[in-house]
Amino acid sequence: KSLGNGFFDAVRKGGDEAAAELGNVELIFTGPTTPTAEGQIEVLNALISQRVDAIAVSANDPDALVPTLQRAQQRGIKVISYDSGVAAAGRSVHLSPSSDELIGQTCVQLAADALPDGKGKFAIVSATPTSTNQNAWIAAMKAALPSHPGLELVTVVYGDDVSDKSYRETVALLKRYPDLGVIVSPSSVGIVAAAKAVEDEGRTGKVFVTGLGLPSELAGHVSAG
């Protein structure tokens, strides 16, 4: 989705390991500097011009990339998506890292566990509004809510997988909902930004942050409470 994202740094490491194991594989790991479909289309066009053999992409928008990826396929390039899916017309296979339903149920369960008697308000800090996996996980969270009648989802905001924006959206949430108990962020960028905002706003111990993120990036926030 973008460079400079800890999750995709881990993806690159795994790709390098797999390429070495397979042998005779050159891995080009690239992406836009900001997580937008327009940025990805520019990168994809460059890869098509390089006549790569295959493209694997985590989509910032499931539909916007389709025409470009169809052109790649017409030129004999194998196309798959992973993490955040491309619409079926633009790829041959999608690799999903986990069960959407399980992620949604687990995030809601974590929110309930953090609140006294499982009752209170929570908000979601997502990545982009067009992110396939984020939207699937949020839909699964909403579907799991009837099992937790004490939980109230007050809103979903979008930090666009950008640290600064995710931070500002979290600060706005804390001001808008002074009785907010939990923030759930299924974005590895958003969860770190949300945790920092909670600390900076003096809400540590009052607002619980959970979701999907990298332990290496979250250890300091866990230690801080």
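Helices (H or I, at least four residues) and strands (E, at least two) are taken here as DSSP runs, numbered from the N terminus. The structure is a predicted model, so to speak of local features pLDDT of at least 70 is needed, side-chain atom pairs count only at pLDDT 80 or more, and totals for chains, interfaces and linings use all residues. Residues are numbered from 1 along each chain as its sequence is written, and side-chain values use heavy atoms, with hydrogens and water left out.

On that basis the chain has eight helices and seven strands. Its C-alpha atoms fit a box of roughly 55 × 35 × 30 Å along the principal axes. The radius of gyration, taken over C-alpha atoms, comes to 19 Å, which agrees with the value near 17 Å for a compact globule of 225 residues; the globule rule is 2.2 Å times the number of residues to the power 0.38. Of the 225 residues, 44% count as buried, meaning under 20% relative accessible area, with exposed set at over 50% and partly exposed in between (1.4 Å probe, protein chains only). Counting contacts (heavy atoms within 4.5 Å) between residues at least 6 apart in sequence, 66% join residues at least 24 apart.

As for the surface, the chain exposes about 11300 Å², and carbon and sulfur atoms supply 53% of that; the areas come from the Shrake-Rupley method with a 1.4 Å probe. The mean positions of the 18 positive and 25 negative charges sit 4 Å apart. Lys and Arg count as positive here and Asp and Glu as negative, leaving out His and the chain ends, and each charge is placed at NZ of Lys, CZ of Arg, CG of Asp or CD of Glu.

Helix 3 (residues 66-74) shows its two sides nicely. Val66, Thr68, Leu69 and Ala72 are buried, and they cover an arc of only 160° around the axis, which puts them on the same side of the helix; the arc is that of the directions from the helix axis to the C-beta atoms. These buried residues pack against helix 2 (37-49), strand 1 (54-57) and strand 2 (78-82). On the face turned away from them are the exposed Pro67 and Gln74. Just after helix 3, Gly76 takes a positive phi of about 90°.

Two aspartates also have a positive phi although neither is a glycine: Asp83 at about 65° and Asp117 at about 60°. Asp83 belongs to the loop between strand 2 and strand 3 (93-95) and is buried, with a relative accessible area of 11%. Asp117 lies in the loop between helix 4 (100-114) and strand 4 (120-126) and is exposed, at 73%.
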